Amino acid sequence: MRTPLPRSRPRALARLLVALTLAASGLGSAALGAAAPAAALGNGPTPNTSPAPNANLAPNASDALGNGLALTPPMGWNSWNTLGTGVTQEQVVQTIDFMAANGLVQAGYDTVTIDDGWSENHRDGQTTDLVKNSYGAMQLYDAGGHPVSGTDGTGIDPTSGHLIPHPGRFPSRTVNGQPVNGIQYLSWYAHSKGMKFGLYATDTYTTCQGHPGSLGHESTDAADFVAWGVDFVKYDDCPYGPPITGPDGHNYGTQGEGRELTRSIYARVRDFQRALDAASAAQGRPRVSVSVSAQPVHTGIPHLLAGDDPARTDPVVVAAGNPPHEAPGYAPTGVWCGQVANLCRIGGDRGPDLEGVLYNGQLRTTLQYPGNVRPGSWNDMDMMFAGWQDPYGLWGTTDTCPCHKPMTLTESRSEMSVLAMAASPLISGADFRSPENSRHTQDGYTWSTGITPEQLAVYKNADVVAVDQDSLARPATLVGAPPANSTAPLVLKRPLAGGDTAVLLVNQDPAAARTVSTTLADLGLTGPGYSAKELWTGSTGNVTGTLSASVEPHGVAMYRLKPLPVTVPATVVGDGRYHGLGAGGTGGLALEVQGTCSAPDGSVLDVNTWWWWHTSEKWTFTANPDGTVRITDDCDTPTQRHGTLTGPDSPGGAAWVLNRWDPNSPHQKWRVEQNTATGALTITNVATGLVLDSPQTAATSPVVLSRPNGAAAGQAWSLLN
């Protein structure tokens with residue numbers, strides 16, 4: 001299953017474990033016999049209540065993408081990284097409560113998934129645990145009951161019956177007067193909090209941690225999962241067995257035994273997905289989404305793959321072709337996984353180091369398979385380590401293994417940013433529990449693995465989540481050439497719905513800050529300019545050429561660019577008339593000389609009630625020979641004589657009027673552009689590039705110069721006459 005494993009786990013077993021399954025959304029655990037209908041249990045709100053497409057039809061579609069599920073990347077939590085195989089019902093309840101109480105569910109993280117280890121080591125058709133051979137594989141038999149190796153694709157699975165939730169860690173409960181098993185109880189509890197529930201299974205004889213798998217038991221397990229109220233299944237692939245050398249002399253490594261060798265991962269996942277659809281239709285329950293956690297290391301054995309395996313004829317697989325010594329429907333999963341599942345692991349297991357999601361890690365892989373990203377199909381870059389704290393010891397004190405070093409706050413932001421740009425599921429492996437519930441004691445030390453408020457805020461950044469969940473469903477692409485080495489910076493861009501563009505500047509260097517830059521031309525953006533919001537700091541500005549930032553080690557700068565409206569020189573320039581100017585967002589307050597025309601020379605400006613006869617609120621726009629504009633008021637008094645609008649040197653400084661006109665002063669020159677869609681004017685000072693702004697909305701509020709911000713209402717001026 002997944003690494004890192006608890007330090008007490010035998011190294012031999014760790015070597016045999018192929019890779020932990022992805023934590024997607026979940027399925028409910030298996031019941032002993034038929035489970036009561038969810039409605040009878042009072043399961044609370046059903047998360048996926050929209051009618052399933054073609055719900056009354058037989059589930060014989062060629063892929064899973066017509067199931068109407070996972071239209072945006074799923075978000076939630078998986079038990080493995082923090083709790084491993086020791087996960088308990090109590091811990092999952094604590095997690096559900098924490099997520100509901102701390103804004104995670106509201107932010108979109110609505111699915112809790114239990115990973116490997118939730119079941120007994122045998123089905124209810126047996127009284128003893130699975131018999132395994134020396135390779136850790138389940139022992140298969142011939143028709144006479146004799147043990148066989150299964151490496152020729154033959155062998156009989158002797159197990160039967162239903163999966164059994166571990167009674168000690170997932171005890172049975174009573175809900176609305178009815179007994180339910182411990183997994184079904186958690187499904188009910190999650191639903192009662194408005195959440196979804198996910199469960200782990202595998203397409204092999206055993207799970208990655210040696211519990212019964214679902215191969216050959218698809219109909220039974222699917223029916224149980226649906227009856228238990230499971231919404232999401234993380235479907236793993238962990239074949240055990242000896243290395244196999246083919247007739248071609250090639251060493252294929254460990255690829256499994258029996259049916260694991262004659263049926264592709266593609267086919268085995270499709271079998272289970274169809275079994276889930278059939279169970280949902282039979283029970284009148286919502287469909288279940290499926291996450292494939294098959295590790296790309298598995299390549300299959302071509303000469304043993306059945307001739308009628310559906311991967312051989314799938315047009316997507318056929319078009320992609322297969323490298324030598326690889327069977328169709330195995331690696332790479334990014335080619336075909338979206339045909340049979342909603343989520344697709346495209347790389348191996350990750351640890352708490354940021355390099356796992358950077359270019360030499362899973363980012364490069366997911367960039368290779370953009371065709372697998374669309375509503376209902378997502379490349380999965382594995383569970384998030386943002387906010388994860390070492391559960392194997394007190395990091396830096398009782399455990400100093402670099403493999404357990406938690407990410408810094410900067411690295412957590414970077415991990416989430418890369419996943420959001422890739423449209424990857426946001427499924428956390430951090431400990432979403434209170435400090436009290438997540439307390440550990442070892443070697444005289446006591447500490448908590450619970451997520452900190454600062455790290456929790458990373459997950460709840462609504463702007464970054466919005467990029468991940470964008471409805472256009474197009475993933476990021478690399479801007480420019482691939483980075484020359486593992487520390488070189490890189491730039492990603494992602495088109496968003498509504499014409500926006502997300503841009504990520506990444507500093508891959510863990511030791512030094514870097515300036516990372518790109519241009520509108522490099523981004524393929526042809527508009528005259530774009531407003532830019534940095535999604536982690538909230539800072540805003542406009543971009544007309546270069547987008548650049550100094551980025552801290554292993555950090556990112558993430559921007560959302562919006563096209564600035566098309567502007568033209570304002571029609572009021574040179575018309576010889578005086579106009580009132582209303583400040584945006586003020587309800588029609590007009591630009592005026594503060595104190596009216598009786599104010600002294602050099603008076604500042606404010607906004608006030610518009611009176612058409614107040615000459616202190618009227619302005620004319622005269623073209624200068626150099627193409628700039630002089631703006632003057634209509635006052636003609638001993639103190640105010642057609643004062644010229646003048647700008648300060650720095651942002652926030654007040655604009656004022658001077659009776660003196662200096663044709664050589666850029667502070668008295670302006671560019672006046674008009675939005676062709678709204679008619680609003682933007683008035684920009686030539687000396688500083690700052691724009692005329694009414695940042696406050698009350699009468700007599702000062703008028704200043706500010707940095708351009710397309711979202712600032714006070715920078716849009718309308719003609720009042």
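## An open parallel sheet and two of its helices

In this predicted model, eight strands make up an open sheet with parallel pairing, and their order is β11-β10-β9-β8-β7-β2-β1-β12. Strands β11 and β12 lie at the edges, each pairing on one side only. On average, neighbouring strands of the sheet are turned by 25° against each other, with direction ignored.

At one edge, β10 pairs with β11 in the parallel sense over three bridges. Within this pair, leucine 343 stands opposite tryptophan 378 of β11.

Helix α6 packs on the sheet, where α6 touches β2 and β7. The direction of α6 makes about 145° with that of β7.

The table lists the residue ranges of some of these elements.

| Element | Residues |
|---|---|
| Strand β2 | residues 111–114 |
| Helix α6 | residues 182–192 |
| Strand β7 | residues 196–202 |
| Helix α7 | residues 218–227 |
| Strand β8 | residues 232–236 |
| Helix α9 | residues 265–283 |
| Strand β10 | residues 343–345 |
| Strand β11 | residues 378–380 |
| Strand β12 | residues 426–428 |

Helix α7 is mostly covered, with seven of its 10 residues buried. Residues count as buried when their relative accessible area is under 20%. The buried residues of α7 are Glu218, Asp221, Ala222, Asp224, Phe225, Val226 and Ala227. What do these buried residues of α7 pack against? Their partners are the helices α6 and α9 and the strands β7 and β8.

An α-helix has 3.6 residues a turn, so residues three or four places apart point the same way.

After α7 comes glycine 229, which has a positive phi near 90°.

Technical notes
Residues numbered from 1 in each chain as written. Predicted model: local features only at pLDDT ≥ 70, side-chain atom pairs only at ≥ 80, totals over all residues. Heavy atoms only, no water. Pairing = 2+ DSSP bridges. Helix = DSSP H or I, 4+ residues; strand = E, 2+ residues; numbered from the N terminus. Axes fitted to C-alpha atoms, helices over the stretch in contact; angles between N-to-C directions. Contact = heavy atoms within 4.5 Å. Buried < 20%, exposed > 50% of the residue type's maximum accessible area, 1.4 Å probe, protein only.
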